[in-house]
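Work through the exercises below with the structure in view. Each task is followed by a solution in steps.

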Amino acid sequence: MRGESNAGRGEKGRTPVARLNEIVKAYDIRGKAPEQWDETAAAALGAAFISVTGQSRLVVARDMRETGVGLSAAFIRAAAEAGAEVIDAGLCSTDEIYFISGKYDVAGAMFTASHNPADYNGIKLCLPGAKPMSLDTGLADIRDAAQAILDGRPAPRVDVPGTVTSVDYLAEYADYLHQLVDLSAIRPLSVVVDAGNGMAGHTVPAVLGERIPAKIIPLYFELDGTFPNHEANPLEPSNLVDLQEEVRRTGADIGLAFDGDADRCFVVDERGEPVSPSAITALVAEAELAKHPGSKVIHNLITSRAVAEIITEAGGEPVRSRVGHSFIKADMADTGAVFGGEHSAHYYFRDFWFADTGMLAAMHVLAALGGTDRPLSELVARYDRYQASGEINSTVADQASVIDAVEEHYRDQPDVETDRMDGLTVSFSDGSWFNLRPSNTEPLLRLNAEATTSERMSQLRDEVLDHIRR
């Protein structure tokens with residue numbers, strides 16, 4: 001196993017040992033490769049995953065990043081040497097590995113850095129049944145065991161090593177999604193898809209290609225982890241420009257943009273205008289509630305207030321959640337919710353082992369659009385009941401003190417409610433509200449505000465920003 005060529009040289013030409021606390025985050029592993037971690041670190045993580053979790057079967061896949069080939073191979077080799085039966089699924093989207101983990105009840109390791117720049121790579125780990133892992137549910141123990149191996153402790157070995165087999169699950173994944181959403185009878189649609197040179201270029205042809213009555217207009221389907229056209233991060237408006245222009249140029253009915261590992265999907269309408277993830281959450285919630293009447297639906301606390309209203313109107317029970325996929329997945333499992341949506345365009349489904357899949361959300365949108373003669377802008381207009389500020393970040397050294405000061409200012413005002421579920425949420429009797437949350441990784445406060453009119457939203461936004469930045 002070679003680690004010395006990639007991680008930079010230390011004293012006397014030796015490779016510095018990777019410090020895993022720098023790359024093991026709250027819910028996944030992510031860092032610059034090979035600067036922060038290399039194949040030696042990947043092997044240590046593979047051995048540690050098996051020894052800590054006790055799993056005997058494991059599926060491993062990777063996205064299109066060049067470093068993923070060596071990193072995943074080292075992880076696979078070490079996991080097999082620790083006794084595991086390893087399935088190498090090759091190139092996959094993240095939601096495809098959740099499908100494999102869920103259907104076959106095996107642990108999973110997906111090598112991806114999602115929407116991060118080209119020099120990053122990482123691993124998303126899950127237990128059988130696509131159950132997520134975090135620092136509180138085993139990831140910290142894996143980190144510490146792998147660090148011990150890197151620091152000189154022998155990696156675990158068994159007398160009879162495990163096996164490695166290669167299996168392609170793409171067709172099975174596509175078949176399963178079509179069991180959940182039937183697109184065979186939709187009207188003919190013209191759909192522009194921007195894969196951003198990410199894994200949607202691999203999965204969209206299999207799922208949406210010739211299987212539905214739609215013309216797929218591809219943008220950047222070539223798998224290229226250097227992202228030569230734009231970063232595969234549709235949350236950044238500049239990365240939607242090409243999609244918007246192509247929708248307008250071709251007169252398409254809809255545009256879809258996926259992030260690098262294709263677990264998130266963003267939508268633009270026939271005018272090239274972005275459709276808010278809150279509107280998509282409401283639309284998909286209605287579709288799921290039509291199949292499962294009276295079910296619970298999770299929404300995080302910074303989605304539009306319209307989401308909870310529409311869930312209730314559709315006969316469902318809205319359940320408010322903290323921001324972050326670990327919280328929403330835990331709440332879904334605890335409540336048995338049929339669906340969950342986040343402002344960041346992560347969409348979770350009970351029928352998909354409570355995991356997130358942008359592809360399934362996109363299929364719901366296509367089903368709704370293809371079942372009506374109306375354009376998408378009209379279809380989603382009724383979900384846009386409020387004016388939102390979008391997320392605004394402010395650099396703040398002492399986040400807690402600022403949040404306390406803002407709460408003190410509003411707490412005793414008439415017809416005002418405050419809560420601390422996640423940061424500070426302040427709600428007013430006129431239907432307006434704002435949430436102020438600290439970043440977990442940077443000295444930032446994140447503000448989201450919403451109101452019934454743009455004038456009230458702007459007034460509230462500027463008022464809170466003045467308190468924050470004084």
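**Exercise 1.** By class, how many nonpolar, polar and charged residues does the lining of the largest cavity have?

*Solution.* The model used here is predicted. Start with the count of cavities: the structure holds 1 cavity of 30 Å³ or more. Its space comes to about 30 Å³. Next, list the lining, which consists of Asp-194, Gly-196, His-230, Glu-231, Asn-233, Pro-234, Asn-239, Ala-257 and Phe-258. Sorting these by class gives 3 nonpolar, 4 polar and 2 charged residues.

**Exercise 2.** Find which element gives the most to the lining of the second largest pocket, and describe that element.

*Solution.* Begin with the pocket, which holds about 370 Å³ of space. It is lined by 19 residues, and the closest to its centre are Pro-132, Ser-134, Ser-326, Lys-329 and Ala-330. By class, the lining divides into 12 nonpolar, 4 polar and 3 charged residues. Then look at the elements: strand 6 (131-132) and helix 10 each supply at least two lining residues. Helix 10 gives the most, with 5 residues.

Now turn to the helix, which spans residues 325-335. Its buried residues include Ser-326 and Lys-329, both of which are also among the residues closest to the centre of the pocket. Ile-328 and Met-332 of helix 10 are buried as well. Just after the helix, Gly-336 takes a positive phi of about 70 degrees.

**Exercise 3.** Give the order of the 5 strands in the open sheet, and explain why strand 14 and strand 17 have one side without a neighbour in the sheet.

*Solution.* The order is 14-13-15-16-17, with mixed pairing. Strand 14 (317-321) and strand 17 (355-356) stand at the edges with a single partner strand each, so one side of each lacks a neighbour in the sheet. For strand 17, the pairing with strand 16 (residues 347-349) is antiparallel and covers 2 bridges. In one of these pairs, Tyr-348 has Asp-356 of strand 17 as its bridge partner.

**Exercise 4.** Trace the pairing from strand 2 through strand 3 to strand 7, and state the handedness of the β-α-β unit.

*Solution.* First, strand 2 (residues 57-62) pairs with strand 3 (residues 85-91) in the parallel sense over 6 bridges. The path between them includes helix 2 (residues 67-81), and together the three elements make a right-handed β-α-β unit. Second, strand 3 runs parallel to strand 7 (residues 164-166), joined by 3 bridges. Finally, check Val-86: it is the bridge partner of Leu-58, and it stands opposite Val-164 in strand 7.

Key: Residues are numbered from 1 along each chain as its sequence is written. This is a predicted model: local features need pLDDT of at least 70, side-chain atom pairs count only at pLDDT 80 or more; totals for chains, interfaces and linings use all residues. Side-chain values use heavy atoms; hydrogens and water are left out. Buried means under 20% relative accessible area, exposed over 50%, partly exposed in between (1.4 Å probe, protein chains only). Helices (H or I, at least four residues) and strands (E, at least two) are DSSP runs, numbered from the N terminus. Two strands pair if DSSP finds at least two bridges between them. On a 1 Å grid over the protein atoms alone, a cavity is a set of points where a 1.4 Å probe fits but cannot get out, and a pocket is an open set with protein on both sides within 12 Å along at least five of seven lines; lining residues have an atom within 4 Å of a point. Grid points are joined across faces, edges and corners, and a volume is the space filled by probe spheres set on the points. Ala, Val, Leu, Ile, Met, Phe, Trp, Tyr, Cys and Pro count as nonpolar, Asp, Glu, Lys and Arg as charged, and the others, Gly among them, as polar. A crossover is right-handed if, with the strands pointing away from the viewer, the path from the first strand over the helix to the second runs clockwise.
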